[in-house]
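Me: I'm new to this structure and would like a close look at a single part. Could you take me through how one pair of packed helices fits together, and then what lies around it?

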Amino acid sequence: MFKRIVLITFIFSALMLTGCTEDKTVSTSELPDVIRLGYVGPLTGAAAAYGQDIKAGIDLYFSEHPTIGDKPVEVIYEDGKCNGADAAVAAQKLITVDKVRFIFGGGCSGETLSMAPIAEENKVVTISSGSSSPEVTTAGDYIFRDYPSDSKVAQDMAAYIASHDRKKVALLTEQTDFAQGYRMMIKDSMTAYAELELVADEAYGVDNADFRTLLTKAKQQEANALISIGQSPSTNGFVVKQAKELGLDVQIYGPDTLSGQEFFDIAKDAGEGVIQFMVVPDPTQPGYAEKISKLPEAQGASIFQLLGYDAAGMAALAIEHVGYDATAIKDYWYDMPIYKGIGGDHKFDENGDDTTKIGMRIAKDGEFVMTEE
Amino acid sequence: MDYILHLAITMSIWGILTLSLNYVAGFTGIISLSHATFYGIGAYSTAILTVKYGFSFLLSVAIGMFLAAVIAYIVSIPLLKLQEDAFILVSFGFAIIGYHVLLNWQSITNGALGIKGIKAPVIFGFSFSGKPLFLCLVLVALICTYFILHRIVKSPYGTIMKNIRENSIVASVNGHDVTAYKRSVYTVGALFAALAGSLMATFLMFIEPKSFELMISVFILIALILGGMGNLKGSILGAVFIILIPEILRFVGFPNTIIGEMQQITYGLILVLLMILRPQGLLGEYKI
Amino acid sequence: MLQVRDLDLHIGGLKILNHLTFDVPDQSITGLIGPNGAGKSMFFNTLFGLFQVNGGSIRFNDVELVGKKPHEISHLGIIRTFQDARLLPQITVLENLLAATRYAEPTTLSRVFFHKKALYQEYLSHVKRAQSLLKRVGLESKIHAMGKDLSYGQTKLIEILKLFMADNQVILLDEPFSGLFPEMIKIITELILELVKSGRTIMLVEHNMKLISEVCNHVIVMDAGTTIASGTFSQIRSKSAVAEAYLGD
């Protein structure tokens, strides 16, 4: 019985090998009758806010520009669920069944990294407006992003701290993928600066609200700078508030998860002077004011909507110039001059990473405002 | 076409996973919520050993299975002393611990960033890249798993497993060392879960801790219950269903604005309906 | 010879067994009687290592049973039925009987894979035995029925048949006749007498005094966890303490 089944399996696979040769040749530079683009991102689940925001940006762009070179555009949306396995099969379906040559995605880094081998094998271009893992930099030739790598944020943060007085750093991180990823990169970036000293490196449980023990440790180690990577504004708010209560004399830094009304509700004036490094929309960018009013209220953060919009714009620009041919689109993008989008100025480096600027904001009078170094 | 091959491969790997949990939970009554942890151990062993240290695929699988077996054996010593409800809770806890180890042991696992660039398996110089060949490999693994477990459960050993499931006191009075059998079952289950993990790692070429969190353990249990506990063929069916139903929903044509949510709600409804209409699963011989 | 000496079992502040002391003669049919709550079933459970004793000893052929695990007790040749006899519900009658079967060697994975033939031969012989046992009591059609689908009487019958599936020296029967029709009682009595003829030692917990007087050649009376009388039925009957506590004469 066993042998019989093994034999059948081999015959079946041999048939698959011969019979299932797929036409993977890239389409010509002519435009198809309908330009089908794919989207894979977290439409449900914990990261859905970001997936929906990116989608909103893409939707707005194509509602304003429904055709590329007079051919209508159709975006086919698939839910990646912020999960590698789900994103991979979604990408595979879009490529095999819907025959897309271009995918907006993933949202989460895990999605992007799982889609990458499939995209590379099939020569399909992907662009992520949400993945921040440094691993995406080297994920492949056809893999692009207009959202910056966390390592860039970490580098900017480390560079800033190294160029200012307080160099004894305490690092407090929440036990989530996001925060732990950041923790690794900050520690990595700090090694480039011999003058920086990591005096405390503590991780705490999800949704923890009492940091007094950890902060006391930091105080004992004479930390004068504190990096708080909590998953939500309220968590970061508690860290900041309790740091002040314990009398820590620290300059506090954090990433994009600092900002939110709850941060100031909880931290109150302890939040004054906290410095935030993040990918920020620049309100002075041309087109920003007009588009932001057209976009729905952001579920996560408006920057994702803006970057989604820009990704759509850059895709349309490429397709217009070189046709719906993934390899040609890829080559076009590597050579593309600066694209002035509503989320920032975009230019891809040799890895497909964007040169989007990391902004710095400081908490002043109960809100975060842009500041220059 | 590639999409169908992708699904077939995924279903086969989940078949191995579901079979291994059936062995533990369906036949022996050990309702483990930490099966994904052993799945993760296999995946990470293969990923780390092949990417970082250049080990061969087969060796990495063997080490992964061995590691999973050792950890399962050690964990089972305190774990199997617990009564049912406590056991479920603690196995739940073990799953969370496992996830956090993968997340935090950054020097080995690369933490949240995951491990990418896992290459297709090369066995005795032959590369299994390309979906048709990989499907071959996975099917062979699935068939071997099925036949090995089938041999065991159809033998007098299987009768003892079921005896333990039905009433462990009667089993011990019947002369069976319940603790020893349970430990062996739990360990063998972990072995095959690790095999599935190694295959998934080389298939997706990228893994992260999130791929092995608690919810995955729950999904394996759902696939098991869906296909039917205590019936090995049911496990294959359960794996097929749990992968296929969401895929079919992709083609239903929900409006774009609510596509994600509608797929999830419909999927949930289907599962609930199946449980109401047929609580023992499609081919089940055992209701919890 | 089964020797119980000063056996103590305390649960939740209650003295379930209190310095319990008695002997069970070899190859006897010993009745264990007493009012409800006297500790008779608990004695069986304790002997099997299902509860941890607080003191005392149980010796069987000079081997100390206290401290041993249930399966170890079983391997010494002691088997039992349960008062609330229930077949394992989600497996077949045949599997129920096979689960109680003693194989020549413990069934391990290595036996399954490396001694497949020998194991299979043994398995077949046990299946044959199960089939003929079921036939004797007219239940051969139920061989593949699920345990939960049998009637109460059928379940009690199969509980007794299990005793024939494993070699043993001592059999503990916990109210094997409770709730049964007279015809069933007759069949089960015959089976028990057959076991006795083959030289086993039997302990029988039972409330039916007529049966006890007919079947047992030795009787132990328990009350509140301790022995209050032992001897032949007529001997214990005459003791006034027993009459008061139990017989209600």
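Reply: Here is a walk through one helix pair in chain B, followed by the core. Please keep in mind that this is a predicted model. Chain B has an average pLDDT of 92, and 100% of the residues score at least 70.

Let's start with helix 1 of chain B, residues 2-26, which packs with helix 10 of chain B, residues 214-227. Their axes lie 9 Å apart, at an angle of about 80 degrees. Because angles of 65 to 115 degrees count as roughly perpendicular, that is how helix 1 of chain B sits relative to helix 10 of chain B.

Which residues meet there? From helix 1 of chain B come B:Trp14, B:Leu17, B:Thr18, B:Leu21, B:Asn22, B:Ala25 and B:Gly26. Facing them in helix 10 of chain B are B:Ile216, B:Phe219, B:Ile220, B:Leu221, B:Ala223 and B:Leu224. The residues of this contact comprise 10 nonpolar, three polar and no charged.

B:Trp14 leads us on to the core. In the largest nonpolar core, which has 165 residues, B:Trp14 is among those with the most contacts inside it, along with A:Phe62, A:Phe104, A:Trp333, B:Tyr23 and B:Tyr186. Helix 9 of chain B gives the most to this core, with 16 residues. Helix 9 of chain B, residues 178-204, also has the highest mean pLDDT among the elements of chain B, at 97. The lowest, 85, belongs to helix 12 of chain B, residues 259-277.

Over in chain A, leaving aside neighbours within four places in sequence, A:Phe62 is in contact with A:Leu37, A:Ile68, A:Val73, A:Val75, A:Phe104 and A:Ala312.

Definitions and conventions. Residues numbered from 1 in each chain as written. Chains lettered and ligands numbered in written order. Predicted model: local features only at pLDDT ≥ 70, side-chain atom pairs only at ≥ 80, totals over all residues. Heavy atoms only, no water. Axes fitted to C-alpha atoms, helices over the stretch in contact; angles between N-to-C directions. Helix = DSSP H or I, 4+ residues; strand = E, 2+ residues; numbered from the N terminus. Parallel < 35°, antiparallel > 145°, perpendicular 65-115°, else oblique. Contact = heavy atoms within 4.5 Å. Nonpolar A, V, L, I, M, F, W, Y, C, P; charged D, E, K, R; others polar. pLDDT = per-residue confidence, 0-100. Core = buried A, V, L, I, M, F, W, Y, C linked by side-chain atoms within 4.5 Å. Buried < 20%, exposed > 50% of the residue type's maximum accessible area, 1.4 Å probe, protein only.
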